[in-house]
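Let's work through a couple of contact exercises together. Grab a pencil and take each solution one step at a time.

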Amino acid sequence: MHTLHNLVSGPLVWLAFIIFIGGSIYKLVTMAKEAKKKDPLVYEYWDGNYAFRSILHWLTPFGSVNWRKNPVLTLVTFAFHISVILVPIFLLAHVLLWKESFDISWWYLPEAAADWMTLIVIFACIFFAGRRMIRKDVKYLTSSSDYWILAMVAAPFITGYWAHHHWPMYRLMYILHILSGEIMLAAIPFTRLSHMLYFVFTRGYIGSEFGAVRHARDW
Amino acid sequence: MSEPASKIESQKEIKQIKDMGLDQGVARLTPEKIEKVVNEVLENETGARLKAYVESCVHCGLCSDACHYYVSRKDPIFSPAAKVKQTLWEILEKKGKVSPEFIRRAAEVAYTECNLCRRCAMYCPFGIDVAYMMLTMRRICHKLGVTPQYIQDTAHSHSATMNQMWVKEDEWVDTLFWQEEEAQEEIPGLRIPVEKEGADIMYSVIGPEPKFRAQLIYQAAVILNAAGADWTMPATPGWDNSDMAMYTGDNEMMARLKKEHFETATRLKVKRIVMGECGHAFRSVYDMGNRALGWKMPPVPVVHALEYYYELFRAGRIKVAKKFEKPVTLHDPCNVIRGRGLHEMTRYVVNKTCENFIEMTPNREHNYCCCAGGGVINCGPPFRDKRVVSNSVKADQISATTKKGVEVVIAPCHNCHGGLEDIIHHFGLGVELKFLGDIIYEVMEKPE
């Protein structure tokens, strides 16, 4: 157990961050190069103001017609995305690890807030999975990989919550927490989680086309 | 969990509509040919954009409610993302190793179950452009020789005559003279100036105008004449601004057509092109055809009829004798509203010309498509019933306005006109359908 712990909390952390950061840079750079060669119109029509206008509307809860048409999903998806990004960065335990390892630190979330936000992520994943099973149109679009991705995102939060509350086998859960977190991080550039990387570009491009060429709104 | 698209198709027992173009095209295919053509298109004509769209789509289904097919039929196969699943997802996943039967279904999806209206791009959080992906699928089908017969016939006409309707050169000029003569009976001295070099405006129309709706040329002449415009129409090929090649996937022909159109305007030394009330033609001249030729924006400024009317009313160049009395509603055509943002200008003109204007809901950029655009109506009678029953939401939308007293629907686009005509008839909505030009012609002060 001890060796395993050393492995996941040592070399694998480095590996996960290298794959995540390196992979993200690689994906973005190759995409940008390929776009330059094969889709030059993306550069030609890109318009910073309209791209920003569109991105802003879609990053604002209820800022687009479709967000307003789906209030429950909108609440869940915003709560989920905010939590899934903030908790890993601003959790006290994580901040302390950065402090210990590199002597750098930053603001951290109050413990109760982090607890709630973790639960939000877990229940949002259950909500998304349920939606995939219940809604006919979403079910048709769903493949097994969609459930694996949800499981991959939920895993570090479930195991983290478990370990933090010292439930049975929490030591094992702690190891699994680190491992699943590493897997998720490394998977971002290479799975549909890459929507995190591409969002500003796909949204910004259509926002530019709608705004600068078509003089219409796209939200 | 997930089921392959092909399996769900057979479960649903989608009735395969017979179409000579699709059926005979597919009969000529071999898996090797499919793989070769698919990979050629993907390799040479697509890139980062397609990849980013496919990799970013989280299969959330938020696009479903954007699509009039889905909203009308509630069948998951009509969700925009589902249309990509039945076409490019599978093709990309299998690297082009798909069967002729798969291509048959994919062609039907791309040509007849999507109007390329781009409403879903406004409902997808990532702004994924499904219309672009359906056009990519059509491109593959075009290169495979699997295109619906009727629309392919119009594309053939484009390549043989440079117009959509097999109109011969003398027939075209004859039609202009004929409409001029007709109009002169009402307004003596009215001219349709043909080949007037150096005029301010080249007025261009779509092939079906001289073929089926010649009175629209008459009406436009009356409006342009009353406004005192310095205008002309070409006597040569290049007069037709329409473009079904853009919708079959024949991008080379699309470029040739637009080249002819722009060169005709340049030859006539006009300052700009004003075009009639057509949506797809505007898309071709303003958005897709110019790009195919390498022009970021059209080399000759292009003004759609709706914008031109606005200009005329704003400047007081057209006077209204008596406003149109029957209550009207307005159908916002995708290609000039989502495609050019002319919604407020159109409303300005409607309010100037009509006593009682009642909005349909949703409206402006969010209006539902007519289900005829994107070349779907041009796929002809075999697919007519499907497109009409697949747009019951449009019938509901119009019917809600008739409850408020609406008697006339203004549809300022040829394809919308055709589509709505069928919907109004099929669902027994009992409303009249008009172009905005019809209304202007009816209410304007005409010179003696």
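**Exercise 1.** Find a salt bridge that Glu252(B) forms, then describe the meeting of domains 1 and 2 of chain B.

*Solution.*
Step 1: Glu252(B) pairs up with Arg139(B) in a salt bridge, with their closest N and O atoms 2.7 Å apart. The rule asks for a side-chain nitrogen of Lys or Arg within 4 Å of a carboxyl oxygen of Asp or Glu.
Step 2: Across the interface of domain 1 and domain 2 of chain B, that rule finds 2 salt bridges.
Step 3: Helix α8 (residues 130-144) of chain B gives the largest share of domain 1's side, 5 residues; helices here are DSSP runs (H or I, at least four residues), numbered from the N terminus.
Step 4: The two domains bury about 890 Å² between them, 39% of it on carbon and sulfur atoms. Buried area is the accessible area (1.4 Å probe) lost when two parts are put together, summed over both.

A quick note: this is a predicted model, where local features need pLDDT of at least 70, side-chain atom pairs need 80 or more, and totals for chains, interfaces and linings use all residues. Residues are numbered from 1 along each chain as its sequence is written, chains are lettered from A in the order written, and side-chain values use heavy atoms, without hydrogens and water.

**Exercise 2.** Work out how many salt bridges there are between chain A and chain B.

*Solution.*
Step 1: Start with one pair, Glu55(B) and Lys27(A), whose closest N and O atoms are 3.3 Å apart.
Step 2: Count them between the chains, and you get 7 salt bridges.
Step 3: On chain A's side, α12(A) supplies the largest share, 10 residues.
Step 4: The area buried between the chains is about 4600 Å², with 55% from carbon and sulfur atoms.

Conventions. Helix = DSSP H or I, 4+ residues; strand = E, 2+ residues; numbered from the N terminus.
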